[in-house]
Amino acid sequence: MASSNSLASRQSTRLAFWVAGFGVSAWAPLVPFARQRLQVDDGTLGLLFLCLGIGSVVAMLRTGPLCARHGSKPVILAGGAGMVLLLPLLAIVSTPWLLASTLLAFGAALGSLDVAMNVHAVEVERDAGRPMMSGFHALFSVGGFSGSALVTVLLTLSIDPLPVTLICSAAMAVALMVTAPRLRVIAPERQVQTGALMALPRGPVVLLSALTAVTFLVEGALLDWSALLLADTGLASTERAGLGYALFSVAMTVGRFSGDALTARFGDRAVVFWGGVAVLGGFMLLLSVRHVEPALAGFVLIGLGASNVVPVLFRQAGAQSAMPAALAISAVTTMGYAGYLLGPAAVGFISKLAGLPAAFWMLAGLICLVPISARSATAAHASTQQVSHNEDRARRTLDT
């Protein structure tokens, strides 16, 4: 069994996160080509997109028990291999039914990889004895930037979608080959050797799942609606309205690269509390001002505040004792992704009834749950740290 407290193990975990971000973002620039190839309207295309989410959520529910029984390594490799093989198919399928089936399978591969890499990351961080989750999640964001950028550049050079996806799949395959021998082989958890067909939250995992869902809901809503908010309120022209989400994404990536140091210094509770306060402040700034510069600063504040909340919640899921870690992380991931999918729909519904600014005020109200629940949500890791501290102190006493 390879040690997870090693540079190779940490780098392999980062590569797994990069593969997930790279693979899913490589699909986004291909959407216009898929619509043109299939000759479908936007309504049908929206239903096809839903297949990606359905595949991911269903796979996430099953991945926790699989990781608990067999370890996360084979699931990471299987999920990554699925994305490698399926991405080129997304560039050539020629009927809506074939695209729906491929997106379901691609979503299942992504969902499996997402849960398994977080299970592995919790083990690596635990053995390292210092915060590392924010840095792992930052590599997912880097993968997202690099995947969409590479595909966009290659398409701009008039390269056909199929060769473009083959290049992307080759890059992911190389990353997985580098990753495979360095992933830690984690022993199965005996309490879930049988039964446990899916991971449903219980105990403190219910709160962790709810907070993850809220945070992901905000992120999904910003992705789909932030440009319209800036344009409809007259804060930015249609051409510049996408700048808000771009700044949010950059701020989130920067925040995650610095998040481990902040967590090590101030602790999980402070990061969740002040992160939630920062997100709330960003919404207040965005919704209260009538000038574009402070509004864009609000997007930056939201990105910085939200950047490290989810990594801390994953760490807490791995530290609690009410559920096996793999099942808890599976439940938290599933609920988070469900929030990400439901967020844009909820904003659209409220916007229709009361206007888009009112819908964003709803998001601000929901995010209040994060700082309010910071103490309860971080109790598991705080107690784990205290036990570790007591063990170290006892060991030093025996040594003397």
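This note goes through the predicted model point by point, from the whole chain to single residues.

1. Overall make-up. The secondary structure of the protein chain amounts to 17 helices and zero strands, and 52% of its 400 residues count as buried. Among contacts with a separation of 6 or more, 85% are between residues 24 or more positions apart. The chain has an accessible surface of about 17200 Å², and carbon and sulfur atoms account for 67% of that surface.

2. The nonpolar core. The largest nonpolar core comprises 110 residues, and those with the most contacts inside it are W27, L99, L103, L230, F283, F360 and L363. Helix α5, which spans residues 96-128, gives the most to this core, namely 15 residues. For L103, once its neighbours within four places in sequence are left aside, the contacts are W27, L48, C51, L52 and L90.

3. A glycine in helix α4. G79 has its place in helix α4, residues 72-86, and counts as buried because its relative accessibility is 4%, where the cut-off is under 20%. Beyond its neighbours within four places in sequence, G79 is in contact with A109 and L113. The C-alpha atoms of G79 and V115 are 9.8 Å apart, although 36 residues separate the two in sequence.

4. A nonpolar patch on the surface. L47, L50, I54, V58 and L104 make a nonpolar surface patch of about 440 Å², and helix α3 (residues 42-70) supplies the largest share of this patch, with four residues. L104, by contrast, is found in helix α5, and with a relative accessible area of 34% L104 is partly exposed.

5. A salt bridge within one helix. The structure holds three salt bridges, and one of them joins the side chains of E123 and R126, at 3.1 Å from N to O. Both residues lie in helix α5, three residues apart, which is about one turn of the helix. In general, an α-helix has 3.6 residues a turn, so residues three or four places apart point the same way. The two partners differ in burial, since E123 is buried with a relative accessible area of 15%, whereas R126 counts as partly exposed at 42% relative accessibility.

6. A network around R315. R315 forms a salt bridge with E125, with the closest N and O atoms 2.8 Å apart; because R315 lies in helix α12 (residues 309-319) and E125 in helix α5, this pair ties together parts that are 190 residues apart in sequence. Both R315 and E125 are buried. The side chain of R315 also meets that of D268 in a salt bridge, at 2.8 Å from N to O, and since D268 lies in helix α10 (residues 268-288), this second pair ties together parts that are 47 residues apart in sequence. R315 counts as buried at 3% relative accessibility, and D268 is buried with a relative accessible area of 6%. Through shared partners, the salt bridges join E125, D268 and R315 into one network.

7. The kink in helix α9. Helix α9, residues 243-266, has a kink of about 45° centred on S258. Its buried residues include G255, R256, G259 and D260, and also F248 and M252. Following α9 comes G267, whose phi is positive, near 95°.

Note on methods
Residues are numbered from 1 along each chain as its sequence is written. This is a predicted model: local features need pLDDT of at least 70, side-chain atom pairs count only at pLDDT 80 or more; totals for chains, interfaces and linings use all residues. Side-chain values use heavy atoms; hydrogens and water are left out. The bend at a residue is the angle between axes fitted to the seven residues ending there and the seven starting there. Helices (H or I, at least four residues) and strands (E, at least two) are DSSP runs, numbered from the N terminus. Buried means under 20% relative accessible area, exposed over 50%, partly exposed in between (1.4 Å probe, protein chains only). A nonpolar core is a set of buried Ala, Val, Leu, Ile, Met, Phe, Trp, Tyr and Cys residues joined through side-chain atoms within 4.5 Å. Contact means heavy atoms within 4.5 Å. Patches are made of residues with over 30% relative accessible area and no salt bridge: like charges are joined within 9 Å, nonpolar side chains (Val, Leu, Ile, Met, Phe, Trp, Tyr) within 5 Å. Accessible areas come from the Shrake-Rupley method with a 1.4 Å probe; for residues, only the protein chains shown count as cover. A salt bridge is a side-chain nitrogen of Lys or Arg within 4 Å of a carboxyl oxygen of Asp or Glu.
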